[in-house]
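Thanks, everyone. I will go through one structure today, starting with charged pairs, then the core, then helix packing and a few single residues. Please have the sequence and the coordinates open.

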Amino acid sequence: MTRTENLLSGTPPIVQARHLAKQVAFHGQLLHILNDISFECQSGETLAILGKSGSGKSTLLGLLAGLDNPSQGEVMLLGQSINALGEDARARLRAGRVGFVFQNFQLLDMLTALENVMLPLGLQQHKAAEAVATEWLQKVGLGDRLHQLPASLSGGEQQRVALARAFVTRPEILFADEPTGNLDSETGDTIIRLLFELQKEHHTTLVIVTHDDQLASQCQRQIRLEKGRLVSQPSPQADTLSDTATLA
Ligand SMILES: Nc1ncnc2c1ncn2[C@@H]1O[C@H](COP(=O)(O)OP(=O)(O)O)[C@@H](O)[C@H]1O
Ligand SMILES: [Mg+2]
């Protein structure tokens, strides 16, 4: 369904931020990292969270995915308010239904490409984990690299393994944090093409954090963070290099 169809039919958003705020104590002061963030993302939608370095994008993604807790507000993910849930219940909710892709790939160094992709299936006690993981590595063009360790793969190849690992359980929603941040632009473009190809094929909801307008424009909808706040338009001062959190 399209966003409009979802909205009209009253289908609940797949993820929703309700007045999220995050503060951390830092050198005796309270650092306001995120302030009163509210928005939602419909099932099947592709959403870009744009913002300069330090604007709070990764912190926000961590809250949306339930990897971290907000100081105020709540996150609804897959129909549940996740902040009332304990770590284990949250992990159970995410298992197989939520995928992640990170800037630094986050593969397990001691495991081969195949074992990395099998991991999320192993957690689901998948009978044919090896066959399914092999198929996914073939799909991302690494059918001949199954038994290599991450250290022996290029950055682009490692991110392909990470994409296979993220999609192998056919998640309903995938969170990606600057997935091309550590790649040269040509390799980055290839990864993004692959990411959107897999997203379309599997109708995965995609929430992608990026400082790259061109990448963001490939999503159906964009929202922008500036100094921990959502803005509809970039402000006139927005051409500084970074957006650090404000002190209070
Ligand atoms: N645990 C923390 N302690 C102190 N400052 C933090 C902490 N986490 C994030 N920050 C600060 O909050 C701001 C936003 O960080 P982040 O969410 O990583 O931004 P982005 O992903 O947009 O670059 C930055 O100024 C960062 O230094
Ligand atoms: Mg970040």
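Searching the whole structure turns up nine salt bridges. Before I go into them: this is a predicted model, so everything I quote is computed from it. As a reminder, side chains of opposite charge can pair when their charged atoms come close. I will take three of the pairs.

Start with E74 and R18, which form a salt bridge whose closest N and O atoms are 2.9 Å apart. This one links distant parts of the chain: E74 sits in strand 4, residues 72-77, and R18 in strand 1, residues 15-26, with the two positions 56 residues apart in sequence. Are these two residues buried or exposed? Neither label fits E74, because its relative accessibility is 24%, and buried would require under 20% while exposed would require over 50%. R18, at 32% relative accessibility, is likewise partly exposed.

Next, K22 and D68. Their side chains meet in a salt bridge at 3.3 Å, N to O. Again distant parts of the chain are linked: K22 belongs to strand 1, while D68 is in the loop between helix 2 (57-64) and strand 4, and the two are 46 residues apart. K22 has a relative accessible area of 12%, so K22 counts as buried. D68 is partly exposed, at 30% relative accessibility.

The third pair is E157 with R145, with 3.1 Å between the closest N and O atoms of the salt bridge. E157 is in helix 6 and R145 in the loop between helix 5 and helix 6, so the pair ties together parts that are 12 residues apart in sequence. E157 is buried, its relative accessible area being 18%, whereas R145 is partly exposed at 24% relative accessibility. This pair does not stand alone: D144, R145 and E157 are linked in a network of salt bridges.

Now to the nonpolar side. The largest nonpolar core contains 39 residues, and the ones with the most contacts inside it are V117, W136, L137, V161, L174, L195 and I208. Which elements supply it? At least two residues each come from strand 3 (46-50), helix 4 (113-123), helix 5 (129-139), helix 6 (155-167), strand 7 (173-177), helix 7, strand 8 and helix 8 (213-216). Apart from this core lies another one, of 31 residues, with A17, C41, F100 and V207 among them.

Let me pick out two residues around helix 6. V161, one of those with the most contacts in the largest core, is in contact with L107, A113, N116, V117, L137, L142 and L153, once its neighbours within four places in sequence are set aside. A164 is found in helix 6. A164 is buried, since its relative accessible area is 0%. Not counting residues up to four places away in sequence, A164 touches V117, W136, L137 and V140. For a sense of scale, A164 and R90 are 74 residues apart in sequence and 22 Å apart in space, C-alpha to C-alpha.

On to helix packing. How do helix 6 and helix 7 sit relative to each other? Their axes are 10 Å apart and the packing angle is about 15°. That makes helix 6 roughly parallel to helix 7, because an angle under 35 degrees counts as such. The crossing of helix 6 past helix 7 is right-handed. On the helix 6 side the contact is made by G156, Q159, R160, L163 and F167; on the helix 7 side by T187, T190, I191, L194, L195, L198 and Q199.

Just past helix 7 is T204, in the loop between helix 7 (185-202) and strand 8 (205-210). T204 counts as buried, at 1% relative accessibility. Leaving aside neighbours within four places in sequence, its contacts are G44, E45, F167, P171, E172, I173, L174, L198 and Q199. Of these, F167, L198 and Q199 also take part in the contact between helix 6 and helix 7.

Last, two backbone points. D36, in strand 2 (residues 29-41), has a phi near 45°, a positive value in a residue other than glycine. F105 also has a positive phi, near 65°, and is not glycine either. F105 is placed in the loop between strand 6 (98-101) and helix 4. With a relative accessible area of 10%, F105 is buried.

Definitions and conventions. Residues are numbered from 1 along each chain as its sequence is written. Chains are lettered from A and ligands numbered from 1 in the order in which they are written. This is a predicted model: local features need pLDDT of at least 70, side-chain atom pairs count only at pLDDT 80 or more; totals for chains, interfaces and linings use all residues. Side-chain values use heavy atoms; hydrogens and water are left out. Helices (H or I, at least four residues) and strands (E, at least two) are DSSP runs, numbered from the N terminus. Buried means under 20% relative accessible area, exposed over 50%, partly exposed in between (1.4 Å probe, protein chains only). Contact means heavy atoms within 4.5 Å. A nonpolar core is a set of buried Ala, Val, Leu, Ile, Met, Phe, Trp, Tyr and Cys residues joined through side-chain atoms within 4.5 Å. A salt bridge is a side-chain nitrogen of Lys or Arg within 4 Å of a carboxyl oxygen of Asp or Glu. Axes are lines fitted to C-alpha atoms, for helices over the stretch in contact, and angles run from 0 to 180 degrees between N-to-C directions. Angles under 35 degrees count as roughly parallel, over 145 as roughly antiparallel, 65 to 115 as roughly perpendicular and the rest as oblique. A crossing is left-handed if the near helix is turned anticlockwise from the far one by less than a right angle, and right-handed if clockwise.
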